[in-house]
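Work through the exercises below with the sequence and the coordinates at hand, and attempt each task before reading its solution.

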Amino acid sequence: MSAPQARAEELRLRPPRHRVERRAITYWRLRAALATLCTVPVPLIAAVAVQWFTELGWLIALLWALTAAVAVPALAVLAIMPVWRYRVHRWETTDQAVYTLAGWLWQEWRVAPMSRIQTVDTQRGPLQRLLGLSTVTVTTASAAGELRIDGLDAEHAARLAAELTEVTQAAPGDAT
Amino acid sequence: MSETAPETNEEWLRLSPLTLLPTILVMGAVFALPALVAVPVTALFGVLWPVGVLILLGAVLLCGLVVGVEVLRYRHTWYRVTEERAEMRSGVLARTHLSLSRERIRTVDLQRPLWHRPFGLCYVTVGTGQSAGSGEELKLDPVAVEEGERLRRELLHRAPVRQPDPEGGTQQEEDTDGPSADELVAMRRRWFAYGAASLASAGVGFGVLAAAAGVLSDVVPTLLGQAFPGAADAVIDFAAQYLLLAVLSSLFGAIVLGGLFALALYIEAWWGYRLTREPDGTLRVRRGLLNVSSISIEERRLRGIRFMEYLPVRWLGAASVAAVASGLGNTKQQTQGVVPKPYLTPELPRAEAARVAGEIMPGAEPGPPLTPHPRAALSRRRFRACALVAVLAAGGAGLGGGLAPVPLWAALAPAAVVLPLALLYAQGAYRGLGHRLDARFVRLRRGMVLRSTAVLKREAVIGWRVHRSPMQRWRGLSTLGATVAAHKGVHWAPDIGTGQGLALAQQAVPDLLTPFLERVDGGSAAPRQDQDARPG
């Protein structure tokens with residue numbers, strides 16, 4: 001059993017060096033807005049319809065409560081999440097490894113060594129294309145070991161992917 | 001490879017000429033026999049024409065159709081193994097040509113279901129470990145057992161195998177060994193007893209029981225009621241009078257029956273079990289009574305093992321070992337019947353399981369106790385237990401309050417009963433958490449019912465993930481994940497102290513995390529000597 005460690009000696013992960021693009025805030029906001037538009041109207045329409053056409057007081061109250069229960073968190077997320085994500089999401093590549101931090105409430109740091117990287121892809125969904133953004137995905141031999149960097153500028157992402165591909169092809173090591 | 005028509009190319013091999021026999025056997029048992037029984041019965045009842053004749057015609061047509069399809073399949077299936085590839089051409093209407101690079105072949109499994117056994121046949125599945133269905137798996141059904149063994153040796157071994165052929169007398173034997181295969185463990189009869197309590201077989205066993213009970217509960221009472229008219233009422237009266245006795249005895253009967261089913265399944269799965277280390281560098285698991293299967297795992301694909309101490313067999317002092325390896329297929333492919341592919345051993349007495357773990361990977365057997373996680377992890381689990389009980393109590397209060405004619409105290413009783421159990425569960429879950437670093441391995445343990453220790457080779461860890469929820473951040477915890485190139489890509493250490501976990505990760509794989517770590521007071525994290533890194 002290890003001895004109790006002095007607080008000052010305790011380790012923590014420093015944030016990766018680079019931020020993503022500011023435009024990513026808009027991207028995340030648009031995504032959250034779409035999600036809200038898909039979920040909130042359902043109980044809302046049900047509540048309105050039931051209110052117009054029936055007199056079932058308890059059902060009306062239940063449906064409005066449900067609508068509030070869905071709408072309030074959705075709107076809160078829409079307002080708070082994008083900026084929070086922008087402040088958290090970071091990425092960094094060194095000669096030896098790729099390092100990312102993602103999330104907002106739940107946060108996850110991921111590290112993978114260059115010698116174990118198998119593929120480097122870029123992806124652009126329709127929203128991302130609208131904003132000139134791109135996602136870089138780095139996969140390793142582990143199915144659960146992939147790293148994603150969302151919200152990079154498209155050209156920058158293409159350059160990063162090309163650089164990483166070059167480095168990983170040059171690095172020795174068995175990628176399996 | 002030049003694309004020549006199979007018929008003219010000498011290298012291409014066919015399936016076994018005995019292909020039709022298992023099919024005929026199965027058709028005979030499933031269709032022909034019942035038809036042959038039914039026809040005289042219809043004659044007895046005087047409806048030989050048209051019912052009996054229709055049945056006969058139907059059976060003949062079905063058998064003929066199936067046999068015909070099998071003949072076509074046999075005539076249009078060819079396979080060959082060259083220096084670089086394993087190929088198969090098949091298909092009557094839609095011709096497919098499946099070609100696997102030998103470098104990517106990870107598994108060669110031999111299965112011998114009951115209907116293949118009398119003819120000395122087996123079916124071979126050659127896989128790359130990727131998801132099947134996208135042309136990543138080659139199935140040869142059936143080939144002779146010797147041919148299956150030859151394919152297994154050739155495909156799993158990169159260099160040609162310099163082995164004398166097995167003596168003629170052993171050709172017909174099941175599962176021939178190479179001359180110097182090293183047996184690690186073989187089944188002993190008394191270990192079958194664990195099967196009644198083993199979770200996987202128990203799950204299926206009780207499921208079968210429940211299904212059977214559902215079916216029989218309709219049929220049996222009506223039949224019995226017709227046979228013994230007064231008995232049904234008498235039984236119901238008796239049960240109503242001695243309700244508790246009736247409930248308890250039915251429960252007991254269900255448990256016993258379910259346990260027997262589970263035991264039967266387990267015996268079928270693990271009969272004749274042997275784990276051997278073959279001279280070509282693979283570990284081979286052989287087991288099975290009705291469906292004999294042989295699963296080979298290359299040792300160089302072995303990233304580690306999992307030492308599993310599942311309830312309830314853990315209370316009986318048993319444990320088992322599973323492989324953490326690449327190329328065992330994704331989760332869908334993995335479950336063959338009751339036993340998933342990565343399982344290397346059945347439930348063994350713990351000391352025996354530890355010994356086998358050490359034989360598979362020297363140093364991997366359980367040793368000194370693992371370092372516990374911070375107490376905050378315990379309070380998190382206790383909190384969840386209380387939250388669950390609170391939900392139960394709220395539901396009970398709702399019921400007692402007016403939705404159902406149940407007094408309040410009775411509605412809250414379940415919550416009161418569950419509370420101490422939930423707290424005990426939380427305690428057990430906390431005690432299941434632990435980690436340790438040896439000279440060669442990283443050990444991460446978790447779980448209460450499904451308690452398992454992942455013993456990973458340090459060089460097999462190819463990345464780290466550190467996950468933190470807001471609650472964990474508040475308590476100074478995080479969840480550390482080690483990624484490995486195996487089907488279960490990441491192994492977690494939940495609720496480890498943040499600093500504790502990072503120190504573990506830093507020492508386990510030097511130089512990977514170090515550039516990104518800093519000390520809490522702002523200094524850089526130079527590599528530290530830690531008393532955990534004792535030689536294993």
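The exercises that follow concern a predicted model, and they deal with two helices of chains A and B, a surface patch, single residues and chain B as a whole.

**Exercise 1. The helix α2 of chain A**

Task: Compare the span of helix α2 (residues 41-53) of chain A with the expected one, and then determine which of its residues are buried and where they lie around the axis.

Solution: Begin with the length: the helix has 13 residues, which at 1.5 Å a residue should span 18 Å, and the end C-alpha atoms are indeed 18 Å apart, so that expectation and model agree. Next, list the buried residues of α2(A), which are A:P43, A:A47 and A:V50. These cover an arc of only 75 degrees around the axis, and therefore lie on the same side of α2(A). Then ask what they pack against: the partners are α1 (23-39) and α3 (57-88) of chain A. Finally, turn to the face of α2(A) that points away from the buried side, where the exposed residues A:I45, A:W52 and A:F53 are carried.

**Exercise 2. A nonpolar patch on chain B**

Task: Identify the residues of the nonpolar surface patch on chain B, and state which elements give two or more residues to the patch.

Solution: The patch is formed by B:V37, B:V41, B:L44, B:F45, B:V47, B:V51 and B:I55, which together have about 650 Å² of accessible area. Two or more residues are given by each of α1 (20-44) and α2 (48-75) of chain B, and the largest share, 3 residues, comes from α1(B). As a check on one member, take B:V51, which has its place in helix α2 of chain B; its relative accessibility is 37%, and because this value falls between the limits of 20% and 50%, B:V51 counts as partly exposed.

**Exercise 3. A glutamate in α2 of chain B**

Task: Decide whether B:E70 is buried or exposed, and find which residues B:E70 touches.

Solution: B:E70 is located in helix α2 of chain B. The relative accessible area of B:E70 is 14%, which is under the 20% limit, so this residue is buried. Leaving aside residues up to four places away in sequence, B:E70 touches B:T19, B:L20 and B:T23.

**Exercise 4. The helix α6 of chain B**

Task: Describe the length, the buried residues and the surroundings of α6 (residues 243-270) of chain B, and then place B:L257 within this picture.

Solution: The helix α6(B) has 28 residues and reaches 40 Å from its first C-alpha to its last, close to the 40 Å expected at 1.5 Å a residue. The buried residues of α6(B) are B:G258, B:G259, B:A262, B:Y266, B:A269 and B:W270, and what covers them includes α4 (199-227), β10 (282-287) and β15 (339-340) of chain B. B:L257, which belongs to α6 of chain B, is partly exposed, with a relative accessible area of 44%. Although B:L257 and B:L209 are 48 residues apart in sequence, their C-alpha atoms are 7.3 Å apart in space. The helix is followed by B:G272, whose phi is positive, near 70 degrees.

**Exercise 5. Chain B as a whole**

Task: Summarise the secondary structure, the burial and the contacts of chain B.

Solution: Chain B contains 12 helices and 23 strands, and buried residues make up 45% of its 536 residues. Among the contacts between residues at least 6 apart in sequence, 61% join residues at least 24 apart. The chain exposes about 26600 Å², of which carbon and sulfur atoms supply 66%.

Key:
Residues numbered from 1 in each chain as written. Chains lettered and ligands numbered in written order. Predicted model: local features only at pLDDT ≥ 70, side-chain atom pairs only at ≥ 80, totals over all residues. Heavy atoms only, no water. Helix = DSSP H or I, 4+ residues; strand = E, 2+ residues; numbered from the N terminus. Expected span 1.5 Å × (residues − 1). Buried < 20%, exposed > 50% of the residue type's maximum accessible area, 1.4 Å probe, protein only. Arc of directions from axis to C-beta. Contact = heavy atoms within 4.5 Å. Patch = residues over 30% accessible without salt bridge, like charges linked within 9 Å, V, L, I, M, F, W, Y side chains within 5 Å. Areas by Shrake-Rupley, 256 points an atom, 1.4 Å probe, with all protein chains shown as cover. Salt bridge = Lys/Arg side-chain N within 4 Å of Asp/Glu carboxyl O.
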